[in-house]
Amino acid sequence: MQPLVLFGHHAGPNPRKVAMVIEELGIPYEHKLMEFAELKQPAFEAINPNGRVPALQDPNTGITLWESGAIIEYLVETYDKQQIISFLPGSPQFYQAKQWLFFQVSGQGPYFGQAVWFKIHHPERIQSAVDRYLHEILRVLQVLDNALQGRNYLVDDKFSFADISFITWLEIVPWISDQPDIFESKFGNVHTWMARTTSHVGVKNILDQKIKLPGLK
């Protein structure tokens, strides 16, 4: 098998979650770390016209994809025939895992990303925007905490790509919320689930590659 090529950024949560899936499946790959300025250049826009990471090139199938959710679905459908981190196609669990992935890409990533933008990068302080997106972080955490009551993992008590998809954005929550113990003190089910999920080797391999977070305003 030829190595896949994953385009990412050293601090990007979305490329990191794709890398975790690749690692868990034991697929050989090259992780090309891009600088933000490179993403808007014609060479990269030929790969992803949206000028964002992640993007994936698979020389084994000739497929190029962008958008993390689409990439994760492709990876498990193409390379996880034994359902190591996925579920039998057509089963209830197969669709439930998709449900959680879609919630992550539409309901976690964008809101958490906007919290970072308005708290760190926006040129003027708009407190109502900061408050809105920090509140959305708490709301999403409560959804997860409720769903994990009495469960080890999100779907069928089996570790899967659904669990993996949330971890890299959750990684920034203690930093962006200014609450280092937020999981342990307020979301106990999430806290124990994260400890369980991050103990898996592929996930841990990526988390061990520490990201540098900018200072808070």
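The C-alpha centres of domain 1 and domain 2 lie 21 Å apart. Domain 1 covers residues 4-80 and domain 2 covers residues 92-205, with bounds that come from an automatic or database domain assignment. The contact between them, meaning heavy atoms within 4.5 Å, takes 14 residues from domain 1 and 18 residues from domain 2.

This is a predicted model, in which local features need pLDDT of at least 70 and side-chain atom pairs count only at pLDDT 80 or more, while totals for chains, interfaces and linings use all residues. Residues are numbered from 1 along each chain as its sequence is written, and side-chain values use heavy atoms, with hydrogens and water left out.

Domain 1 and domain 2 bury about 1,400 Å² between them, 64% of it on carbon and sulfur atoms. Buried area here is the accessible area (1.4 Å probe) that two parts lose on being put together, summed over both. Between the two domains there are three salt bridges, a salt bridge being a side-chain nitrogen of Lys or Arg within 4 Å of a carboxyl oxygen of Asp or Glu. On the side of domain 1 that touches domain 2, α1 and α4 (68-79) each supply at least two residues. The largest share of that side, eight residues, comes from α1. Helices (H or I, at least four residues) and strands (E, at least two) are DSSP runs, numbered from the N terminus.

Helix α1 spans residues 13-25 and reaches 19 Å from its first C-alpha to its last, close to the 18 Å expected at 1.5 Å a residue. The expected span is 1.5 Å times one less than the number of residues in the helix. Eleven of the 13 residues of α1 are buried, where buried means under 20% relative accessible area, exposed over 50%, and partly exposed in between (1.4 Å probe, protein chains only). Among the buried residues are R16 and M20. Just after α1, G26 takes a positive phi of about 70°.

R16 and M20 also appear among the contacts of L207, which, leaving aside neighbours within four places in sequence, touches R16, M20, I167, E171 and T198. L207 sits in helix α11 (residues 201-207) and is buried, with a relative accessible area of 15%.

The other helix named on the domain 1 side, α4, has twelve residues. Nine of these are buried, so α4 is largely enclosed by the rest of the structure. Its buried residues pack against β1 (4-8), α1, β3 (55-58), β4 (63-66), α5 (92-121) and α7 (161-170).

Salt bridges also involve α4. K98 meets E73 at 2.7 Å, N to O, and forms another salt bridge with E77, where the closest N and O atoms are 3.5 Å apart. K98 lies in helix α5 and E77 in helix α4, so the pair ties together parts that are 21 residues apart in sequence. E73, E77 and K98 are thus linked in a network of salt bridges. K98 counts as buried at 18% relative accessibility, whereas E77 is partly exposed at 42%.

A further salt bridge joins D178 and K119, with the closest N and O atoms 3.0 Å apart. D178 lies in the loop between α8 (173-176) and α9 (182-186) and K119 in helix α5, so this pair ties together parts that are 59 residues apart in sequence. K119 is buried, with a relative accessible area of 5%, and D178 is partly exposed at 47%.
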